[in-house]
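Please open the model in your viewer and keep the sequence panel beside it, since each stop on this tour begins with a selection.

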Amino acid sequence: MSAIYIEGLRKSYDAVPVLRGLNLNVEAGQVYGLLGPNGAGKSTLLHLLMGFLRPDAGRIEVLGLAPSAAHRQVGYLPERLRYHTHCSGREYLRYIGRFGDEHGPGLRDRITALLTLVGLEEAADRRMKTYSKGMLQRIGIAQALLADPDLLLIDEPSSGLDPAGQVEMQELLVELRSRGHTIFLCSHQMDEITNVCDRVGILVRGELAAETSVANLPGTEGIMITLVEIPAEDLDYGLRALDPLITREGRRITIPVNTPALQARLLQLLLDEGFTVATLQPTLGTLRDLYLHVVTGNAAPVEATPQVTMPLLDTLLAEEENQ
Amino acid sequence: MTRYRQIWAWTRFTLSEYLRSGRVLIELGALIVFAYIFLRKPNSAAILDATQFFSMTAVFVLAQSIYTSSVLMSMGSRAQGYVVLARPLGRKGYLMGLFLVAVIIGAINFVLCSLIVTLINQPIRWNFSIWGAGALPLILEIGIVAALVMLLSGLVLTSGWRLLVLGVVALASLGSADIFSKVIALDSTFGKLLSAVRTLVGIPLTPLLAGFELTTQRLYSTQSLAIILGQITLLVALLAFSMAAFDRRDIILN
């Protein structure tokens, strides 16, 4: 069953398109991470999923319902979480619970349990204006969990936190994952995505430019080519023309995110320029490499990150053996 | 019942935030100044009657309601609202809570004015039924003003619609004012057309103006009942229009 189903979603602000025919599917029980540069449309997407914004076109289903009908089953942590800081953490959670018609001893016990989960039991009765940013984010997670939702929509939970706060937040997200929540997480933190999520998508200019399983990420991309001789700097222009992310240090040329077509074009260029390839090795790619590659606009939308394939390697080695 | 409990919880929360934020001090300050200037007994011979009290207090309380409602709408437009809107309370409940707080504060203002005048300068022939006769239409007026300010806020209507509604209100408010007759010949085609439009758009605001008159005069008859019903109808219509508009628009809070 899909927790989130999006088909052909379009949204513009004053005729400026933000989402351009987005398709996305998040299965129930999955932890899905959405990456993307600022302005890619991540927060807009979350606001559409919450029903705060109305789509211009397309279809959105949240837990099989229209977004605004699913509020009872959805927990939401906004990106810029501002609070009604005049009250204490416990008091705030009590009110938030009552806006969903939760009350009585059940709500009291749930608040106590959530304050313990997010590590705020000692600060629970302090006014929230005395809380650090990390504490405010944790109370934000607690309010999102109040109704024991089936789906959590979390927008940049580590935004503005110091490294210790980021680690704490990550641990909390891992804990939520272990409790079986379906989570849709927008983030800029690569570590957070790789440590917490099952699947990751990269949103660029309102389209899903790449999507892959996090388990597939290590060892998927990249090759390093070592040449016999050190090339002149002129070669760098040719390399950059092929792909701006190709780098050269001395005789070593690296493609951070490899595709068969790019690999073939690079080898063709080297052969045309008369270079001899000494070695060709696969390299371990990272989510960061994939992200940078996709965001700089050199990747066509892909269904999944391609496994490293090197069809020309065998040919090259055979040619070398013949020579 | 569930929905009412949610709205009431949101109303109490907003009211407590309004009070704790200190914004209410502005209202209290204005109330003290108003009471000192208009409600105190300037000399031992001065006499205040109920009509004078209601005429002054209605203007003051309605002006304060415009301020309170504006502040509440700006409070409702802050990013804090996303967490509240994400709850089952929903958009309609959110707006209704803000409206109720504006009405409660307006009503408290009026009650405080009444208490002050009773204590320091009791009007002649002042009793509970005279007070109630003026209080009922005045509290409905507070509701209408709060609903109108809510409708005209950036939270509810886009700027284009706000301009249109403001234009209609301005045209209707001119009513029988002779401003047009000085610049436009009323017997010309344009003058007749404008007059017709003015009459038409003025109809919905009639209960507001008549309600104010009923507050100050308190002369109850069958017609007064129609005025009260008209006020209630206008209030419900404004709330329904606000909620329908808010339900359809994109919510972008800052």
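Which residue stands opposite Arg252(A) in β12(A)? Before selecting anything, bear in mind that this is a predicted model. With that said, pick Arg252(A) and look across to its partner, which is Glu249(A).

**Chain A: around strand β12**

Keep the view there and extend the selection to strand β11, residues 247-249 of chain A, which pairs with β12(A) in the antiparallel sense over three bridges. The two strands form a hairpin with two residues between them, and in the turn you can select Gly250(A), whose phi is positive at about 60 degrees.

Next, add strand β10 of chain A, residues 223-227, which runs antiparallel to β12(A) and is joined to it by four bridges. Within this pairing, select Met224(A) and find Thr254(A) of β12(A) opposite to it.

Now show the side chains of β12(A) itself, residues 252-255, where the directions alternate along the strand. Ile253(A) and Ile255(A) point to one face and are buried, whereas Arg252(A) and Thr254(A), the residues just visited through their cross-strand partners, point to the other face and are not buried.

**Chain B: the whole chain**

Switch the selection to chain B and colour it by secondary structure: 11 helices should appear, and zero strands. Read along the sequence, the pattern is accordingly α-α-α-α-α-α-α-α-α-α-α.

For the overall dimensions, the C-alpha atoms of chain B fill a box of roughly 60 × 55 × 35 Å along the principal axes. The radius of gyration is 20 Å, which agrees with the value near 18 Å that a compact globule of 254 residues would have. Of these 254 residues, 50% count as buried. If you display contacts in chain B between residues at least 6 apart in sequence, 82% of them join residues at least 24 apart. Switching to a surface representation, you are looking at about 12300 Å² of accessible area for chain B, of which 71% belongs to carbon and sulfur atoms.

**Chain B: a patch on the surface**

With the surface still on, select Val33(B), Tyr36(B), Ile37(B) and Phe38(B), which form a nonpolar patch with about 430 Å² of accessible area together. Finish on Phe38(B), which lies in helix α2 of chain B, residues 24-39. Why does Phe38(B) count as partly exposed? Its relative accessible area is 42%, and the class in question covers values between 20% and 50%, so Phe38(B) is neither buried nor exposed by these cut-offs.

Technical notes:
Residues numbered from 1 in each chain as written. Chains lettered and ligands numbered in written order. Predicted model: local features only at pLDDT ≥ 70, side-chain atom pairs only at ≥ 80, totals over all residues. Heavy atoms only, no water. Patch = residues over 30% accessible without salt bridge, like charges linked within 9 Å, V, L, I, M, F, W, Y side chains within 5 Å. Areas by Shrake-Rupley, 256 points an atom, 1.4 Å probe, with all protein chains shown as cover. Salt bridge = Lys/Arg side-chain N within 4 Å of Asp/Glu carboxyl O. Buried < 20%, exposed > 50% of the residue type's maximum accessible area, 1.4 Å probe, protein only. Pairing = 2+ DSSP bridges. Rg over C-alpha atoms; globule rule 2.2 N^0.38 Å. Contact = heavy atoms within 4.5 Å.
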